[in-house]
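These are my notebook entries on one protein chain. I looked up how its parts are arranged and wrote down each finding in turn.

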Amino acid sequence: MSVAGLRKAAHETVAGLPREFWWLWTSTLVNRLGAFVATFMALYLTMDRGYSASYAGLVAALHGLGGVVSSLGAGVMTDRLGRRPTMLIAQLSTAVSVAVLGFMVHPVAIAGVAFVVGMASNASRPAVQAMMADIVRPEDRVRAFSLNYWAINLGFAVSSAGAGFIAEYSYRAGFLGEAAMTLGCAVLVFLKVPESRPDTVRAPAGTRTPDDVRLSTVLRDGRFMGVVGLSFLVALIFQQGYVGLPVAMGADGLSSSDFGTAIAVNGVLIVVLQIPVTRFIQHRDPRRLLIISSVLAGYGFGLTAFAGSVGVYALTVCVWTLAEIVNAPTQTGIVVQLSPAHGRGRYQGMYTMSWSAAALVAPLMSGVVIDRYGADWLWGTCAVIGTVAALGYWLLMRKLPEPERSQAQAPAVPATPAVAEPAA
């Protein structure tokens with residue numbers, strides 16, 4: 001493609017999205033640029049503090065459990081307090097708890113604060129996703145979610161590279177650095193990101209208000225809970241890239257640097273391909289995309305059973321990374337489509353919980369299957385789960401209503417912090 005063609009493609013990718021979205025996008029990027037602790041936590045506990053690998057795994061599990069617990073609570077806060085206050089509370093809590101974690105020395109204290117960090121760091125996700133749904137036109141949401149996912153991975157790629165250098169100097173500097181970046185993210189949200197929660201006073205008669213949409217309402221929404229369940233299955237597959245894959249590569253005699261090389265392909269491909277792939281999929285049938293991405297994810301990991309070298313492992317990573325690029329924005333868009341405007345926080349919280357729960361279950365799943373039956377059975381299980389998820393999406397989405405479209409005369413974004421009813 002020519003330079004002019006690339007420039008046109010880039011313009012079409014970012015054109016038409018409101019200014020508020022770009023401030024929110026920037027806050028996401030800043031937040032992920034400072035995500036040092038998740039990268040070196042295991043090394044910090046085992047090499048710097050001298051704790052066992054089992055203890056490091058326990059701390060990681062408690063961190064994940066914190067995310068599961070906070071997902072639903074943050075969803076309720078998003079609907080009741082608003083998107084902006086929830087993000088500010090979550091980001092300020094994360095900054096404080098991460099800084100405190102860097103000074104903890106007793107194993108019980110480290111585990112307890114890690115749980116709090118997991119709660120705080122995951123609490124902003126329902127609010128961010130609900131706000132994006134509020135301020136972006138329905139036809140632009142897949143593109144917006146994709147750009148946000150791109151920012152997450154770009155920030156994580158940079159922070160992962162920086163974490164190694166910071167850890168050589170001082171692990172505590174990494175904790176304080178993440179706290180500072182998270183605090184900067186909160187300041188950015190406070191100064192530049194207005195509230196976007198729909199105006200409940202002017203809600204049309206007969207429609208749900210935040211008080212009408214409770215967690216029990218979400219749980220009774222059969223189609224949506226089906227999507228949550230399928231999301232859990234897909235997330236369970238993707239998590240194996242970080243829990244099952246390094247174990248399998250180690251069993252094949254490959255080193256940790258070999259795993260780093262293979263998994264780096266995931267981040268590089270997302271940064272390079274997320275935007276062009278989004279341009280290709282944004283106006284295509286989300287039902288078909290979810291089915292295809294589920295199959296690609298399952299069989300991408302299934303192919304790992306035939307890998308024995310770094311190159312072949314990297315090729316399998318390419319397959320399931322393509323599935324991740326397609327699945328992430330598409331699935332988030334489906335969640336918004338199935339969520340009432342005044343209950344987006346609770347719906348997004350339930351969806352976020354499916355990924356947090358998968359992060360808890362995946363290590364247990366990989367450990368049991370590999371120890372009892374071998375890694376090949378784990379990859380075969382992933383293929384089966386991908387097939388089940390694809391079948392589930394096909395059954396669940398057969399009567400999915402057409403995506404909503406914003407009216408030509410409707411404003412794309414709220415004009416003032418006292419937000420009017422969004423187009424969604």
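**Entry 1: burial, and a first salt bridge**

I began by fixing a term: a residue is called buried when its relative accessible area is under 20%, exposed when that value is over 50%, and partly exposed in between. The model I consulted is a predicted one. With the cut-off in hand, I looked up arginine 83 and aspartate 79, and found both of them buried. The side chains of arginine 83 and aspartate 79 meet in a salt bridge, with 3.4 Å from N to O.

**Entry 2: the chain as a whole**

I next noted the general make-up of the chain. It contains 16 helices and 0 strands. Of its 424 residues, 50% are buried. I also looked up contacts between residues at least 6 apart in sequence, and 86% of these join residues at least 24 apart.

**Entry 3: the other salt bridges**

How many salt bridges does a search of the whole structure find? I recorded 7. One of them joins arginine 143 to aspartate 140, where the closest N and O atoms are 3.0 Å apart. Arginine 143 and aspartate 140 are both buried.

Another salt bridge is formed by the side chains of aspartate 285 and arginine 287, at 2.9 Å from N to O. Here I wrote down two different labels, because aspartate 285 has a relative accessibility of 30% and counts as partly exposed, whereas arginine 287, at 18%, is buried. I then looked for salt bridges that share partners, and found that they join Asp79, Arg83, Asp134, Arg344 and Arg346 into one network.

**Entry 4: aromatic rings**

I turned to the aromatic side chains. A pair of aromatic rings is described by the distance of the centres and the angle of the planes. The count for this structure comes to 11 aromatic pairs. In one of them, tryptophan 22 and tryptophan 25 are edge-to-face, with 5.6 Å centre to centre and 70° between the planes.

Where do tryptophan 22 and tryptophan 25 lie with respect to each other in helix 2? I noted that they are 3 residues apart in helix 2 (residues 19–33), and therefore separated by about one helical turn. An α-helix has 3.6 residues a turn, so residues three or four places apart point the same way. Tryptophan 22 is partly exposed at 24% relative accessibility, while tryptophan 25 is buried at 14%.

I also recorded the pair of tyrosine 51 and tyrosine 55, which is tilted: 4.6 Å centre to centre, with 45° between the planes. Tyrosine 51 counts as partly exposed, its relative accessibility being 22%. Tyrosine 55 has a relative accessible area of 13% and is buried.

Returning to the two tryptophans, I found that Trp22 and Trp25 belong to one aromatic cluster with Phe21 and Trp150. A further ring came up in my search, that of phenylalanine 280, over which the charged end of arginine 284 sits, 3.9 Å from the ring centre.

**Entry 5: glycine 174**

I looked up a single glycine next. Glycine 174 is placed in helix 9 (residues 171–192). Is glycine 174 buried or exposed? I recorded a relative accessible area of 0%, so glycine 174 is buried. Apart from its neighbours within four places in sequence, glycine 174 is in contact with Phe36, Phe40 and Ile166. I also noted its separation from valine 98, which is 76 residues away along the chain: their C-alpha atoms are 9.6 Å apart.

**Entry 6: two helices with bends**

Finally I compared helix lengths with expectation. Helix 11 (residues 222–251) has 30 residues and should span 44 Å at 1.5 Å a residue; the distance between its end C-alpha atoms is 42 Å, which agrees. Helix 11 bends by about 50° at glutamine 240. After helix 11 comes glycine 253, with a positive phi near 85°.

Helix 12 (residues 256–281) has 26 residues and reaches 35 Å from its first C-alpha to its last, close to the expected 38 Å. Where does the kink in helix 12 lie? I found it at leucine 273, shortly before proline 276, with an angle of about 50°. I closed by listing buried residues of helix 12, among them Phe259, Ala262, Ile263, Asn266, Leu269 and Ile270. Gln274, Val277, Thr278 and Ile281 in helix 12 are also buried.

Terms used: Residues numbered from 1 in each chain as written. Predicted model: local features only at pLDDT ≥ 70, side-chain atom pairs only at ≥ 80, totals over all residues. Heavy atoms only, no water. Phe/Tyr/Trp six-rings, centres within 6.5 Å; stacked < 30°, edge-to-face > 60°. Helix = DSSP H or I, 4+ residues; strand = E, 2+ residues; numbered from the N terminus. Buried < 20%, exposed > 50% of the residue type's maximum accessible area, 1.4 Å probe, protein only. Lys NZ or Arg CZ within 6 Å of the ring centre and 35° of its normal. Contact = heavy atoms within 4.5 Å. Salt bridge = Lys/Arg side-chain N within 4 Å of Asp/Glu carboxyl O. Expected span 1.5 Å × (residues − 1). Bend = angle between axes of the 7 residues up to and from the residue.
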